[in-house]
Amino acid sequence: MITGKLFKAAAVAVAAMVALSGCGMSSASADANTIKVMYYKTDSFVRFDALMKTVKAKIEKENPGTTVELQPVTANDNDYKTKLALAQRSAETAPDVFYEDSSQIRADADAGYLLNLDSYLAKWDDWQNDFSDAAKKVGKGKDGTYAVPLSTDTRVIWYNKRVFQKAGIVVPWQPKSWQDILDTAATIKKKLPDVTPMSMLAGTPSGEGTVMQSFYELLFGTSAGDDALQDQKSEKWVIGSQGMKDSLEFMKTIYDKGYTPSASEVLDANYGAKVGSDYLPKDKMGFAVDGSWMPSTWTIGGSYEWPDYTDVIGAALFPTQKGEKPGYVSMSGGWTMAVGAKTKNAQLAFDFVKEATNKDNSLTYAKDMVLTAVRTDVAEDPSYLEASPYQEITTEAVNYTHFRPSVTEYTKISSEVQKATENVITGQMSVDEAAKAYDDAVINIVGKDNVVTK
């Protein structure tokens, strides 16, 4: 007998496979000279499709007899990931090259879906000389590199220079510690009582925005550094962390003192958009911690067109807790190009990745999408720096950036971090209570043998 749950699961799988076939998915060719390239495409994300067509033409021209079969999937990123995972289960449908979210790399490598690229990268001069050391971490798995980054993103502090000047705060502004941030917020609140001093996301409604655009800037800026969330050597999850408590205390402070909008407003799922569409453009807020993509929403054709935003908005790096080395902190995500472990022509597939991520293509893509460069030669290119007045600082942030652990348990761990922030800003728990609840949840998720107290 098929139960209701099993029937639903089967229906979802069938529907997904039908969707795959509708997106141009086909069985693997017996011809090793044909490679399949899978990526997602939407009405608002067409530049990558254009890049793939450019690379296809180049590879086919330089390799007579070779066919590159493009397989764009019309879907949002979550649906794309589901369809990609389904395709990877069989050699008949697995793509040779595909667009891979950096947060999935470790899990997909462990599942045997990705080809270890170390031997290919060792022979590629561009990888050795032109990709930043921080960016190289994006494609790392447990035992090597499994993907090449196309671009990345960083997090900085966006501040309204008009508000700062009215409050008597000197610009350009660059805080050197958490205390500097608190002092600046206090000054704005005192001098401009009708202005909200700052914004840092919190709670579960903002999902990964809460951790990536907010809490991790604090946590990874404590003395624990790279080991703040997961011990890098043992790969055990950290509990009993003073850095966790200090970060939660900071969040509690800015909400308790009224430096941010009320907890109820911030816990609205639409709050993040309001910062970019209302608070900052209308001089209602002093500063907000957010992603490097924020200016793209204010450009012509952006979601919240704002003609004079470059005159009003400044950007600063987020400081470590007490100014400890390296001085600043950021978080990065981003998408990569990976080669499938089931490919019949690994060299040709890797050649496609090399072409897609060479300097010229990386430069064009980063400028068109207003993204942060992962290649040092792109980051130094005058046309890249001129594409946006903020390119220099958002690219500098790559030097101080951190990446989420790309392991299966991460999603559940992240959810617990979000809950902890929500508990302290709403007053449902004290900092100590929220930290303990987080520790208990982590132990429940990964087991006592997979945690370490720091």
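**Confidence, sheets and cores of the predicted model**

In this predicted model, residues 1-29 have a pLDDT that stays under 50, and for this stretch the model has 31 contacts beyond four places in sequence. Where pLDDT is low, the predicted coordinates should not be read in detail. For the protein as a whole, the average pLDDT is 90, and 93% of the residues score at least 70.

One open sheet is built from four strands in the order β8-β10-β7-β11, and its pairing is mixed. Its edges are formed by β8 (196-199) and β11 (313-316), each of which has a single partner strand, so that one side of each is left without a neighbour in the sheet. Neighbouring strands of this sheet are turned against each other by 20 degrees on average, direction ignored. Three bridges link β8 in the parallel sense to strand β10 (residues 285-291), and M198 stands opposite F287 in β10. Helix α13 (residues 271-279) packs on this sheet, where it touches β8 and β10, and its direction makes about 130 degrees with that of β10.

A further open sheet, of three strands and also with mixed pairing, has the order β12-β13-β15; β12 (318-319) and β15 (401-403) are its edge strands, each pairing on one side only. β12 runs antiparallel to β13 (residues 328-332), to which two bridges join it, and F318 has V329 in β13 as its bridge partner. On this sheet packs helix α10 (residues 208-219), which touches β12 and β13 and whose direction makes about 145 degrees with that of β13.

The largest nonpolar core comprises 80 residues, of which Y216 and F287 touch the most other members. Another core, of 50 residues, lies apart from it and includes Y99, A135, V353 and M369.

Notes. Residues are numbered from 1 along each chain as its sequence is written. This is a predicted model: local features need pLDDT of at least 70, side-chain atom pairs count only at pLDDT 80 or more; totals for chains, interfaces and linings use all residues. Side-chain values use heavy atoms; hydrogens and water are left out. pLDDT is the predictor's confidence in each residue, from 0 to 100. Contact means heavy atoms within 4.5 Å. Two strands pair if DSSP finds at least two bridges between them. Axes are lines fitted to C-alpha atoms, for helices over the stretch in contact, and angles run from 0 to 180 degrees between N-to-C directions. A nonpolar core is a set of buried Ala, Val, Leu, Ile, Met, Phe, Trp, Tyr and Cys residues joined through side-chain atoms within 4.5 Å. Buried means under 20% relative accessible area, exposed over 50%, partly exposed in between (1.4 Å probe, protein chains only).
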